[in-house]
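Visitor: I'd like a close look at a single part of this one, the pair of cysteines. Could you walk me through it, and then show me what the surface has to offer?

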Amino acid sequence: MDGYGLAWLAAGIGCGITVLGVGNGIGRLAAAALEAGARQPEAAGDVRTTMIIGAALIEGVALFALVVCIFLALKG
């Protein structure tokens with residue numbers, strides 16, 4: 001097996017781990033926001049705004065990780 005095959009395999013594994021981590025993080029974030037909204041309905045708007053900002057930051061880190069995986073696979 002040449003270096004390209006291993007690079008693509010590593011990039012695929014890295015992307016998979018990234019997606020699993022992001023899914024877990026956003027799931028926990030949404031669950032906590034829904035619980036907070038259920039406990040204090042008057043603060044639901046502020047909690048939603050904070051949740052959207054947190055989700056955007058998580059997605060940004062995920063995009064960066066996926067781009068790094070692709071760059072590593074194409075290097076060579």
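**The cysteines and the nonpolar patch**

Guide: Let's start with Cys69, which is buried, with a relative accessibility of 12%. Keep in mind that this is a predicted model. The other cysteine to look at is Cys15, and at 22% relative accessibility that residue falls in the partly exposed class. The cut-off for buried is under 20%, so Cys69 at 12% makes it, while Cys15 at 22% does not.

So are the two bonded or not? They aren't: the sulfur of Cys69 has its closest cysteine sulfur in Cys15, 4.3 Å off, and that is too far for a bond. A disulfide needs the two sulfur atoms within 2.5 Å, so a gap of 4.3 Å rules this pair out. Searching the whole structure gives the matching result, 0 disulfides. Seen from the other side, Cys15 takes part in no disulfide, and its nearest cysteine sulfur belongs to Cys69.

Now for the surface. Tyr4, Trp8, Leu63, Val67, Ile70, Phe71 and Leu74 together make a nonpolar patch of about 750 Å². Two elements give two or more residues each: helix H1, spanning 3–39, and helix H2, spanning 44–74. H2 supplies the largest share, with 5 residues.

If you want one member to zoom in on, pick Phe71, which sits in helix H2. Its relative accessible area is 57%, and because exposed means over 50%, Phe71 counts as exposed. That's a handy contrast to end on: Phe71 is exposed, whereas Cys69 is buried.

Notes: Residues are numbered from 1 along each chain as its sequence is written. This is a predicted model: local features need pLDDT of at least 70, side-chain atom pairs count only at pLDDT 80 or more; totals for chains, interfaces and linings use all residues. Side-chain values use heavy atoms; hydrogens and water are left out. Patches are made of residues with over 30% relative accessible area and no salt bridge: like charges are joined within 9 Å, nonpolar side chains (Val, Leu, Ile, Met, Phe, Trp, Tyr) within 5 Å. Accessible areas come from the Shrake-Rupley method with a 1.4 Å probe; for residues, only the protein chains shown count as cover. A salt bridge is a side-chain nitrogen of Lys or Arg within 4 Å of a carboxyl oxygen of Asp or Glu. Helices (H or I, at least four residues) and strands (E, at least two) are DSSP runs, numbered from the N terminus. Buried means under 20% relative accessible area, exposed over 50%, partly exposed in between (1.4 Å probe, protein chains only).
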